[in-house]
Amino acid sequence: MINLNVDFNLEKASIEKSELELLVPELEKAHRLLVEKNGEGKEFLGWLDLPVNISKGLIFDIQAEAEKIRNKADVYVVIGIGGSYLGARAVIEALQHNFISLLSQRKSPQILYCGNTLSEDYMADLLEVLDQKDYCLTVISKSGTTTEPAIAFRILRAHLEKKYGKQEARERIIAITDKEKGALKTLATEKGYKTYIVPDDIGGRFSVLTPVGLLPIAVGGFDIEKLIYGAKKLRHQLLNSHDIEHNMAWQYVAYRNLQYRKGRFVELMVNYQPNLNYLSEWWKQLYGESEGKEGKGLFPASVSNTTDLHSMGQYVQEGARLMFETVIHIENSNKKVNIPYDTTNNDGLNYLLDFSLNEINHKAEIGTSMAHIDGNVPQIRISIDKLNEENIGELLYFFEFACALSGYFLGVNPFDQPGVEAYKNNMFKLLGK
Ligand code: PA5
């Protein structure tokens with residue numbers, strides 16, 4: 001059964017039924033372009049069928065490699081940037097213990113990320129840690145030529161070889177890249193690293209269910225088969241419903257594009273769990289890079305409540321009316337914490353004893369939602385029952401499918417990113433490349 005639910009209330013979304021009905025032909029057209037694979041960028045639609053196409057052999061191989069790393073390393077370093085690390089990090093952070101680095105007894109290596117920044121201090125700090133820890137690394141780059149991960153890999157490769165010797169270093173490195181081209185592929189072949197392939201027809205930001213996401217997620221100790229199963233269930237639902245009452249991706253795409261057409265150019269993803277912050281980062285990349293082109297596209301932003309109600313909350317409630325919200329609602333917590341009874345009630349909190357902390361969090365969510373509707377901030381709510389692999393798999397596929405659909409609806413190619421070249425060209429010139 002599908003767990004994900006889109007709570008699309010027209011009043012809360014500030015949408016008239018007639019406005020919605022007018023969009024149906026455009027939604028049908030975008031849906032056809034996507035599932036019949038006729039749209040721009042159709043050569044990058046491998047992710048669409050990935051949950052049903054991925055081979056058992058590949059999954060077992062990834063699980064076996066992950067187990068080796070889990071048995072061997074205290075720290076596991078993922079080198080990659082953009083789509084080559086955000087999906088893995090989103091899933092790992094959503095599912096792992098919030099304070100894993102401080103747990104003295106943990107079953108999984110601590111996962112650290114690099115190659116996503118050029119900060120010298122960050123790299124120096126990482127090396128200081130790696131001097132003291134047993135570690136393995138995976139370098140991920142589809143093109144195999146991206147500067148940030150390439151520099152990080154050169155530095156860590158040298159560190160690893162010095163620390164363990166060339167042969168053992170080779171055993172501790174896995175490369176995930178193109179099947180034949182790019183500097184990383186050449187290096188991996190020359191050095192004999194274990195390698196996984198990023199399929200030609202899957203772009204970085206849609207690659208979370210390839211080895212790019214699956215290997216780090218499995219090293220984190222999470223069940224990648226359940227993740228894929230969640231995506232598979234949602235794929236079936238989204239590909240096969242052709243009306244706005246039943247297709248949740250159509251509802252989300254209609255909602256966000258209507259807001260855009262009405263001049264609300266910022267979509268704010270709202271969570272009430274800090275461990276979903278990287279899901280927001282993944283979503284921002286997915287939508288920002290897929291739609292932000294040709295002078296078009298919503299600006300994806302995010303807040304984490306209730307933390308940000310005490311900072312950005314003021315702006316959302318009363319600032320310029322630029323935005324609408326997409327709230328991620330998690331119905332149940334995985335763990336329980338009691339609020340203790342206090343005989344003195346000096347802090348005046350005894351009135352809360354009938355509620356769990358999760359219920360109090362929900363009341364904050366509902367109260368915020370009511371206040372924002374009063375403040376003219378439209379909303380849609382996407383909910384899952386709780387954070388687990390299967391439900392996260394549904395969420396990932398939901399946002400991927402809706403993103404591609406939304407791109408076609410907007411009239412752009414959701415699978416290219418010509419704009420990211422501009423900074424690189426300048427940087428290379430400045431560096432004398
Ligand atoms: O979605 C994308 O295509 C990008 O964000 C890439 O993932 C990112 O630029 C990293 O590219 P590569 O994997 O080639 O190093």
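**Rings, charges and a kinked helix**

Let's start with a charge and a ring: Arg-172 lies over the face of Tyr-164, 3.9 Å from the ring centre. Keep in mind as you look around that this is a predicted model. A second example of this arrangement involves Lys-433, which lies over the face of Phe-428 at 4.2 Å from the ring centre.

Now for rings that meet other rings. The count of aromatic pairs comes to 18. Take Tyr-252 and Phe-398 from that set: their centres are 5.7 Å apart and their planes sit at 40 degrees, making the pair tilted. If you trace the chain, you'll find Tyr-252 in helix H12 and Phe-398 in helix H16, 146 residues apart, so this pair links distant parts of the chain. Are these two rings buried or exposed? Tyr-252 counts as buried because its relative accessibility is 0%, and Phe-398 is buried too, with a relative accessible area of 0%.

Step along to Phe-399 and there is another pair to look at, this time with Tyr-287. The ring centres are 6.4 Å apart and the planes stand at 85 degrees, so this pair is edge-to-face. Tyr-287 belongs to helix H13 (residues 277–291) while Phe-399 belongs to helix H16, so the pair ties together parts that are 112 residues apart in sequence. Both Tyr-287 and Phe-399 are buried.

Some rings join up into a group. Trp-47, Phe-206, Tyr-397, Phe-401, Tyr-408 and Phe-415 are linked by ring pairs into a cluster.

From here, head back towards the start of the chain and find helix H2, which covers residues 17–35. Its 19 residues reach 26 Å from the first C-alpha to the last, close to the 27 Å expected at 1.5 Å a residue. Even so, look for a kink of about 35 degrees at Val-24, shortly before the proline Pro-25. Just after the helix comes Lys-37, whose phi is positive, near 60 degrees.

Which residues of H2 are buried? They are Leu-20, Leu-23, Val-24, Leu-27, Ala-30, His-31 and Leu-34, so the kink site Val-24 is on that list as well. The spacing of such a list is easier to read with one rule in mind: an α-helix has 3.6 residues a turn, so residues three or four places apart point the same way. And what lies over these buried residues? The cover includes helix H1 (10–13), helix H3 (46–53), helix H11 (224–240), helix H12 (248–261) and helix H16 (389–410). Two of those names should ring a bell: H12 holds Tyr-252 and H16 holds Phe-398.

Terms used
Residues are numbered from 1 along each chain as its sequence is written. This is a predicted model: local features need pLDDT of at least 70, side-chain atom pairs count only at pLDDT 80 or more; totals for chains, interfaces and linings use all residues. Side-chain values use heavy atoms; hydrogens and water are left out. Helices (H or I, at least four residues) and strands (E, at least two) are DSSP runs, numbered from the N terminus. The expected span of a helix is 1.5 Å times one less than its number of residues. The bend at a residue is the angle between axes fitted to the seven residues ending there and the seven starting there. Buried means under 20% relative accessible area, exposed over 50%, partly exposed in between (1.4 Å probe, protein chains only). Contact means heavy atoms within 4.5 Å. Rings of Phe, Tyr and Trp (its six-membered ring) pair if their centres lie within 6.5 Å; planes under 30 degrees apart count as stacked, over 60 as edge-to-face and the rest as tilted. A charge sits over a ring if NZ of Lys or CZ of Arg is within 6 Å of the ring centre and within 35 degrees of the ring normal.
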